[in-house]
Amino acid sequence: MKNTRILLLLVLPMLLLSCKGEKRLARYNELYQQEPSVIYVAPLNDVSMRRAVRETSDSIYNASLNIASRQLYLTATDPLTSLGYYVLGPLASAQVAATETRTGKQLRNDNITDLHTDLGIDAVLFIDLLNWSHTFNSWSVEAEYVLRSTHNGMELFHVHVNATKILPTDFKGNPKPLKADLEFAEQYGCDLETAQRCRLVEILNKYVLKDLPSGKRARRQEAEQYAKPHPEYFNLRIRRDGSVEQLKDEEL
């Protein structure tokens with residue numbers, strides 16, 4: 001009986017890996033091997049378009065995007081910390097960015113082993129904000145996430161996502177903010193339009209980054225290695241009730 005149990009323990013992981021679909025252990029094999037502890041979130045690469053300022057509404061719109069872009073950067077650390085990684089805080093990150101002589105493109109492609117040898121950073125998270133769009137009751141953002149090792153320069157994680165937050169409407173067709181949206185707007189003193197975008201990117205960060213394997217400081221469950229990872233390219237929708245769902249292209 002004992003030998004049978006041992007055999008099952010040896011065979012079970014193999015069976016799980018042979019199941020249909022890629023598993024986290026395969027997708028993040030290099031990340032599991034390197035086990036990075038310290039992550040630096042590089043300054044946000046915001047290439048989204050702004051409006052030419054001709055009217056007051058254009059300035060308001062641009063300011064809303066600027067605030068939401070900042071929110072995207074600032075809220076990327078929380079999911080990583082929750083997963084058990086040590087993430088450089090805002091002050092330390094600002095100091096690293098201020099002394100960095102390489103461009104964002106060079107950090108993405110050139111040798112960055114000095115960040116490990118000099119500062120103890122194991123990996124750098126890059127976020128590209130590519131595009132904003134909206135309708136009368138929905139707000140969308142397109143973003144790309146890349147986690148790069150400072151040990152050997154390898155790409156440990158890559159996701160390209162289109163995310164949309166949709167609000168319910170009243171009988172006149174006007175959008176009805178959720179309770180969490182109203183609380184956010186009141187807490188941060190911003191308009192509801194800006195609150196929608198900020199809430200969108202905050203939820204996006206949580207959903208995208210929670211797919212990373214747990215860090216050393218977290219209690220790692222063996223089963224997580226055999227869970228199905230997010231696709232590398234996908235679409236995300238925050239439903240009218242605030243819940244989140246991953247979509248197929250044809251469902252957009």
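Begin by selecting W132, Y145, L147, F157, L204, V208 and L209, which have the most contacts inside the largest nonpolar core, a set of 48 residues. Now add helix α10, residues 192-209, which gives this core its largest share, nine residues. Keep in mind throughout the tour that the model on your screen is a predicted one.

Stay in the core and centre the view on Y145. Which residues does Y145 touch, once those up to four places away in sequence are not counted? They are L72, F126, I127, F157, H158, V159, V161, L204, N205, V208 and L209. A second, separate core of 12 residues can be selected next, and among its members are I112, L115, V124 and F126.

**Along helix α10**

Return to α10 and display its backbone from end to end. The helix has 18 residues, and the distance from its first C-alpha to its last is 26 Å, close to the 26 Å expected at 1.5 Å a residue. If you colour the helix by accessible area, you will find that α10 is mostly covered, since 14 of its 18 residues are buried. At the start of the helix, show the side chain of D191, where an oxygen reaches to within 3.0 Å of the backbone nitrogen of E193.

**Two cysteines and a residue from another helix**

Next, select C190 and C198 and look at their sulfur atoms. Why is there no bond between the sulfurs of C190 and C198? The sulfur of C190 has its closest cysteine sulfur in C198, but the separation is 5.6 Å and therefore too far for a bond. The count of disulfides comes to zero. While C198 is selected, notice that this residue is buried, with a relative accessible area of 2%.

From here, move to I67, which lies in helix α4, residues 56-74. I67 is partly exposed, with a relative accessible area of 43%, and, leaving out residues up to four places away in sequence, it touches T194 and C198. If you draw a distance between the C-alpha atoms of I67 and C190, you will read 9.4 Å, although the two residues are 123 residues apart along the chain.

**Three paired strands**

Now switch to a cartoon view and select strand β6, residues 155-166, together with strand β7, residues 233-238, which pair in the parallel sense over six bridges. To follow one of the links across to β7, pick V161 and look for its bridge partner, F234. Then add strand β8, residues 244-247, which pairs with β7 in the antiparallel sense over four bridges. Here the residue to pick is R237, whose bridge partner in β8 is E245. Between β7 and β8 the hairpin has five residues, and within this hairpin G242 takes a positive phi near 95°.

**A buried arginine in a loop**

For the last stop, select R102, which sits in the loop between α6 (90-99) and α7 (104-109). Is R102 buried or exposed? With a relative accessible area of 19%, R102 is buried; the cut-off for that word is under 20%. Show its side chain and look for two polar contacts: one of 2.6 Å to the side chain of E100, and another of 2.9 Å to the side chain of D114. To complete the picture of its surroundings, select L107, N111, I112, D114 and L115, which are in contact with R102 when neighbours within four places in sequence are left aside. Two of these residues may look familiar, as I112 and L115 are included in the second core of 12 residues.

Methods
Residues are numbered from 1 along each chain as its sequence is written. This is a predicted model: local features need pLDDT of at least 70, side-chain atom pairs count only at pLDDT 80 or more; totals for chains, interfaces and linings use all residues. Side-chain values use heavy atoms; hydrogens and water are left out. A nonpolar core is a set of buried Ala, Val, Leu, Ile, Met, Phe, Trp, Tyr and Cys residues joined through side-chain atoms within 4.5 Å. Buried means under 20% relative accessible area, exposed over 50%, partly exposed in between (1.4 Å probe, protein chains only). Helices (H or I, at least four residues) and strands (E, at least two) are DSSP runs, numbered from the N terminus. Contact means heavy atoms within 4.5 Å. Two strands pair if DSSP finds at least two bridges between them. A polar contact is a pair of N or O atoms within 3.5 Å; within protein, one must be able to donate a hydrogen and the other to accept it, and residues adjacent in sequence count only if both atoms are side-chain atoms. The expected span of a helix is 1.5 Å times one less than its number of residues. A disulfide is a pair of cysteine sulfur atoms within 2.5 Å.
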